[in-house]
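This report describes a protein and nucleic acid assembly, taking up the contacts with each strand, then the pairing of the chains, and then some local backbone features.

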Number of protein chains: 2
Amino acid sequence: MFGFRDIEIIRSVVRYGGFRAASDATGLAQSAISRRIRHLEDRMGITIFERDGRGVRLSAPGRRLCDEAEILIAQRDRILGELTQGVMAGVVRLGVAETMTHTILPRLLTNLGQRHPMLRFEISVDTSDQMGQGLKDDTLDVVIMLRDQAPRGIALTPVPPVTMGWFVSPSHFTLPDPADIDDLAALPIVSFPKTTSPHRKVLQLLTPGRRQPATVHGSASIATMLHLVRQGFGIGTIPHSIVEAWPHPMLREINVRPKARLPDLEFGICYDAERNGEIGREVARAALEINPI
Amino acid sequence: MFGFRDIEIIRSVVRYGGFRAASDATGLAQSAISRRIRHLEDRMGITIFERDGRGVRLSAPGRRLCDEAEILIAQRDRILGELTQGVMAGVVRLGVAETMTHTILPRLLTNLGQRHPMLRFEISVDTSDQMGQGLKDDTLDVVIMLRDQAPRGIALTPVPPVTMGWFVSPSHFTLPDPADIDDLAALPIVSFPKTTSPHRKVLQLLTPGRRQPATVHGSASIATMLHLVRQGFGIGTIPHSIVEAWPHPMLREINVRPKARLPDLEFGICYDAERNGEIGREVARAALEINPI
DNA sequence: CACCGCATGTTCGGCTTTCGCGATATCGAG
DNA sequence: CTCGATATCGCGAAAGCCGAACATGCGGTG
């Protein structure tokens with residue numbers, strides 16, 4: 001077993017060419033260096049320095065130890081520096097609602113990566129309620145999620161709203177132009193998962209005054225939603241930005257009356273201000289910078 | 001500043017979920033863990049664990065420290081294991097005569113690499129006298145060099161001899177068939193550097209009984225020797241294996257009388273048995289394995 | 001060739017600092 | 001109030017360091 005102190009001393013001996021010179025450099029007595037290295041050699045059962053009457057030279061295993069130890073020390077110093085000088089570094093566990101992966105996320109990560117090259121991201125895509133839980137039990141550091149599903153006591157910075165539209169495959173369904181609520185509610189609907197607020201809002205929009213509740217399917221995968229709508233499984237509530245990113249000839253937006261319009265999705269950047277205030281504020285800053293409100 | 005012990009303890013606390021549980025796991029008293037971590041936090045000026053009445057949780061910088069420390073500990077254990085269990089690992093500084101780079105070196109390295117995957121090679125190509133010096137002043141671990149130039153007190157394992165031939169560009173020079181010593185000595189000759197024994201042997205071969213010493217140029221680069229011979233700068237003394245590796249229509253071997261034949265090059269694997277016996281023997285073993293004598 | 005100074009590493013006794021233990025105080029949640 | 005957790009404190013053991021004395025090799029000098 002060896003410690004950082006041991007290998008620092010070995011490095012000094014190698015660098016300055018002897019125990020005596022190293023003792024000047026390290027501020028230790030020469031005897032202390034001699035004794036430490038001898039003890040280390042005994043503990044590890046290897047020879048690190050070969051001695052003869054006029055000095056010391058590294059042995060083969062000593063040189064190996066020294067080579068590797070150099071890296072170890074450098075890493076410790078880097079860690080130490082990053083931690084004490086407040087450099088943004090390490091792993092950020094970032095949770096993202098899928099819609100965001102097609103809008104601000106790429107630019108957000110680019111911006112953060114440029115400003116903080118030592119930062120690494122661990123990105124999960126999940127439903128907002130799951131990620132809200134992650135924030136609370138400290139399995140996620142920062143989450144970009146639906147604002148109205150953010151847990152209590154969590155810092156929240158809004159990002160620009162995402163507009164929604166009704167989409168249909170024209171070869172499977174025909175609708176009046178403009179369509180009204182009842183026209184939409186008569187068809188199967190594909191929306192977000194039922195644990196999310198947009199799903200509930202769709203239900204609320206369609207249900208009032210109707211005896212038969214609308215059929216609303218939920219999907220946590222936007223790609224799946226698109227496929228289902230294209231294949232005529234139903235009509236979909238989909239962010240405009242998604243359709244722009246993946247345009248498809250089988251997909252057309254339905255023109256609806258004002259009362260049937262879908263509300264915008266309101267996302268926000270959420271984090272525990274106590275625990276992750278620093279990185280959270282930085283993510284919020286980056287979001288503002290790439291997409292000023 | 002933190003030591004291995006510190007981060008091992010932190011890891012225990014994280015892994016077992018608290019100071020008390022970690023104290024059982026590490027065999028330390030709970031008070032010792034508490035005090036050590038507090039001192040560490042004071043020294044580094046950061047909070048590693050957030051405490052409240054019912055336990056501890058990692059803070060953000062604490063998690064970073066813990067993540068990075070895990071890697072540090074793993075590396076230390078790897079180094080320790082390799083050193084104490086005699087695993088062949090680390091960097092081997094290997095010196096090679098250029099001729100060998102075209103003969104046994106590739107297979108030698110392949111063999112060694114397969115048997116000792118943790119080994120890294122740092123290969124230098126130089127003249128044998130230079131590398132002999134490198135062996136003595138411990139800037140090279142193992143050298144494949146001309147046997148007769150190996151320093152004293154160095155372990156030496158022979159490798160199969162390399163046969164030499166006289167080569168010429170037929171469009172520039174015409175020679176009798178077979179050629180005799182005087183025919184060769186009348187032309188400019190391109191050979192190895194004049195510090196090497198093959199160069200001296202060429203001189204000895206050509207000089208006896210001649211009033212005018214032969215003109216022998218030296219080159220430490222075999223590629224240059226080949227170019228010079230091809231361009232008619234002179235005739236060359238070149239290993240057969242080199243010409244086989246780089247065949248060229250402008251290059252033809254001269255048929256010479258027995259007395260004008262060049263002696264074989266005798267190479268050997270050299271190393272300091274004291275310092276690098278282990279790896280040296282292993283290189284010798286590999287050489288025998290790929291090319292049994 | 002013997003001697004002596006110089007430089008280097010080693011060993012040893014004594015002292016300081018670090019570290020751990022055990023008992024006890026303290027704190028928050030149920 | 002009690003339970004389960006961490007914090008604090010005094011004591012003692014161990015590790016680590018220092019300085020001095022000692023051993024060894026090299027090179028200059030008479």
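A polar backbone atom of B:Gly27 lies 3.2 Å from a phosphate oxygen of DNA strand C, a polar contact being a pair of N or O atoms within 3.5 Å, where within protein one atom must be able to donate a hydrogen and the other to accept it, and residues adjacent in sequence count only if both atoms are side-chain atoms. The surface near DNA strand C draws two or more residues from each of helix H2 (19-26), H3 and strand S2 (55-58) of chain A, together with H3 of chain B; helices (H or I, at least four residues) and strands (E, at least two) are DSSP runs, numbered from the N terminus. This is a predicted model, in which local features need pLDDT of at least 70 and side-chain atom pairs count only at pLDDT 80 or more, whereas totals for chains, interfaces and linings use all residues. Residues are numbered from 1 along each chain as its sequence is written, chains are lettered from A and ligands numbered from 1 in the order in which they are written, and side-chain values use heavy atoms, with hydrogens and water left out.

DNA strand C is surrounded by 20 residues, of which the closest are A:Gln30, A:Ser34, A:Arg51, B:Ala29 and B:Arg35; a residue is near a molecule or strand if one of its heavy atoms lies within 4 Å of it. Of the atoms of DNA strand C that come within 4 Å of the protein, 55% are accounted for by sugar and phosphate. By class, the residues of this surface divide into five nonpolar, eight polar and seven charged, where Ala, Val, Leu, Ile, Met, Phe, Trp, Tyr, Cys and Pro count as nonpolar, Asp, Glu, Lys and Arg as charged, and the others, Gly among them, as polar.

Around DNA strand D there are 21 residues, and the closest are A:Ala29, A:Arg35, B:Phe19, B:Ser34 and B:Arg51. Here 58% of the strand atoms within 4 Å of the protein belong to sugar or phosphate, the rest belonging to bases. The surface near DNA strand D has five nonpolar, nine polar and seven charged residues, and at least two residues each come from helix H3 (30-44) of chain A and from helix H2 (19-26), helix H3 (30-44) and strand S2 (55-58) of chain B.

Individual polar contacts with the two strands are set out below.

| Protein atom | DNA atom | Distance |
|---|---|---|
| A:Arg38, polar side-chain atom | strand C, phosphate oxygen | 3.3 Å |
| A:Arg51, polar side-chain atom | strand C, phosphate oxygen | 2.7 Å |
| A:Ala29, backbone N or O atom | strand D, phosphate oxygen | 2.5 Å |
| A:Arg35, side-chain N or O atom | strand D, base nitrogen | 3.2 Å |
| B:Ser34, polar side-chain atom | strand D, phosphate oxygen | 2.6 Å |

How are the two protein chains related? Chain A can be laid on chain B with an RMSD of 0.2 Å by a turn of 180° and a shift of 0.0 Å along the axis, the copies being superposed by least squares on the C-alpha atoms of residues with pLDDT of at least 70 in both. The two copies are therefore related as by a two-fold rotation axis. The same surface serves both copies, since 97% of the contact residues of chain A recur in chain B, contact meaning heavy atoms within 4.5 Å.

Chain A gives 35 residues to this contact and chain B gives 34 residues. About 3,200 Å² is buried between chain A and chain B, with 57% of that area given by carbon and sulfur atoms; buried area is the accessible area (1.4 Å probe) that two parts lose on being put together, summed over both. In chain A, the residues that lose the most area to chain B are A:Arg64, A:Leu83 and A:Arg275, together 22% of what that side buries.

Helix H4 (residues 60-84) of chain B has 25 residues and reaches 36 Å from its first C-alpha to its last, close to the 36 Å expected, which is 1.5 Å times one less than its number of residues. The N-terminal end of H4(B) is capped by B:Ser59, a side-chain oxygen of which lies 3.1 Å from the backbone nitrogen of B:Gly62. Just after H4(B), B:Gly86 takes a positive phi of about 70°.

A cis peptide bond joins A:Asp177 and A:Pro178, with omega about 0°, and A:Pro178 lies in the loop between strand S7 (164-168) and helix H8 (181-185) of chain A. In chain B, the peptide bond from B:Asp177 to B:Pro178 is cis, with omega near 0°. A:Asp138, although not a glycine, has a positive phi of about 60°, and it lies in the loop between helix H7 (128-136) and strand S5 (142-146) of chain A.
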